[in-house]
Amino acid sequence: MEFEYLFIFDTLIALVTSYSYTVLAEKMPEPGATITLLMLIVFLFLLIEGARELGNVMAGKSTLVNIAPGLSVKWIIGAFIPLFPVFYALGSNLSDIYFFTTRALIAVLAWVMPVPYIMKIIKDRQGG
Amino acid sequence: MNELIIAVPLSVAIAFSIYVYFSLKRIVKQTTALSTTVALLLEKLQRLATLTYYDWSRESQEISKTIESHKEELLNRNPEIVSFSSILRYYNDSLGWAPEPVNEPETNIFYKTVGQHLEEYVSAMRRADRTRATDEMTKLQAFISAELLRKS
């Protein structure tokens with residue numbers, strides 16, 4: 001059952017973040033729009049790679065001890081990537097910073113919210 | 001004001017990073033401690049596979065005690081070991097009311113088969129082949145249960 005939850009969480013995060021980024025990219029002048037979309041690709045890569053590693057742990061093919069350093073780095077980078085458009089907007093003196101910040105906050109929350117539950121699954125599986 | 005607005009998602013991301021770092025560190029620490037216990041248990045099970053009669057009974061009681069002392073953690077990670085501990089206890093109890101005839105062919109076959117299954121289990125666990133390990137443990141438990149039924 002945990003596999004299904006992981007899949008649902010990841011799909012929801014991917015949808016929310018892709019929507020957020022696309023909306024932000026439309027509002028940005030070049031090269032900000034291109035960089036934002038490139039950031040989205042990096043973000044989705046981190047999401048899929050993290051899910052693949054977690055899937056291996058849940059299937060018993062790998063252990064948390066092996067993947068923990070890489071996984072924590074991916075999760076932390078994934079939490080900071082959505083802030084890039086806000087920094088760019090601040091640096092370029094774009095109007096309506098509030099719009100960029102709310103979208104970034106939605107993306108960060110979408111990334112952060114399932115993690116406590118995923119941690120609980122890992123803890124139960126690993127017996128920690 | 002604009003700079004202050006960004007503080008909200010930024011503080012969420014920073015708080016999340018701290019949470020991830022410390023939570024994963026704690027889980028890894030606990031997992032490592034349990035891995036050591038499991039490794040010791042596997043060593044003991046491999047040793048048990050080579051024993052017979054009184055030595056087997058004494059060693060299996062020790063294994064049962066070790067498993068019982070880590071029951072809560074092992075239930076999530078290796079539930080098959082916990083159920084094996086229960087069946088070991090039943091078998092050792094049964095020796096009280098139905099002692100084994102020493103050096104009888106049937107008793108020798110029992111220890112040989114148990115030893116084979118245990119070796120397969122330990123080898124599968126070391127290869128991280130959970131499916132095979134669980135299969136072997138299920139077969140072993142079925143075999144010991146059948147033996148218990150036969151004795152009763």
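1. A residue counts as buried when its relative accessible area is under 20%. By that cut-off, 43% of the 152 residues in chain B are buried. The model under review is predicted, and the points below should be read with that in mind.

2. Chain B is built from helices. Seven of them are found, with zero strands. Following the sequence from start to end gives the pattern α-α-α-α-α-α-α.

3. The contacts inside chain B can be sorted by how far apart the partners lie in sequence. Among contacts with a separation of 6 or more, 70% join residues that are 24 or more positions apart. As for the surface, chain B exposes about 8,400 Å², and 58% of this comes from carbon and sulfur atoms.

4. Next comes the interface. How many residues does each chain bring to the contact? Chain A brings 30 residues and chain B brings 28 residues. Together the two chains bury about 2,600 Å², and carbon and sulfur atoms account for 81% of that area.

5. Which helices of chain B supply at least two residues each to the side that touches chain A? They are α1 (2-5), α2 (7-48) and α4 (71-77). The helix that gives the most is α2(B), with 19 residues. Sorted by class, the side of chain B that touches chain A holds 16 nonpolar, seven polar and five charged residues.

6. A student may wish to look for charged or polar pairs between the chains. The rule for salt bridges finds zero across the interface of chain B and chain A. The count of residue pairs in polar contact between the two chains is also zero, with both residues required to be at pLDDT 80 or more. Polar and charged residues are nevertheless present on the side of chain B that touches chain A.

7. One residue within chain B serves as a worked example. Gln141(B) sits in helix α7, which covers residues 130-151 of chain B. Is Gln141(B) buried or exposed? Its relative accessibility is 16%, so Gln141(B) counts as buried, the cut-off being under 20%.

8. What does Gln141(B) touch, apart from neighbours within four places in sequence? Its contacts are Glu80(B), Ser83(B), Phe84(B) and Ile87(B). With Glu80(B) there is a polar approach to check in the model: a polar atom of the Gln141(B) side chain lies 3.3 Å from the backbone oxygen of Glu80(B).

How values were computed
Residues are numbered from 1 along each chain as its sequence is written. Chains are lettered from A and ligands numbered from 1 in the order in which they are written. Side-chain values use heavy atoms; hydrogens and water are left out. Contact means heavy atoms within 4.5 Å. Buried area is the accessible area (1.4 Å probe) that two parts lose on being put together, summed over both. A salt bridge is a side-chain nitrogen of Lys or Arg within 4 Å of a carboxyl oxygen of Asp or Glu. A polar contact is a pair of N or O atoms within 3.5 Å; within protein, one must be able to donate a hydrogen and the other to accept it, and residues adjacent in sequence count only if both atoms are side-chain atoms. Helices (H or I, at least four residues) and strands (E, at least two) are DSSP runs, numbered from the N terminus. Ala, Val, Leu, Ile, Met, Phe, Trp, Tyr, Cys and Pro count as nonpolar, Asp, Glu, Lys and Arg as charged, and the others, Gly among them, as polar. Buried means under 20% relative accessible area, exposed over 50%, partly exposed in between (1.4 Å probe, protein chains only). Accessible areas come from the Shrake-Rupley method with a 1.4 Å probe; for residues, only the protein chains shown count as cover.
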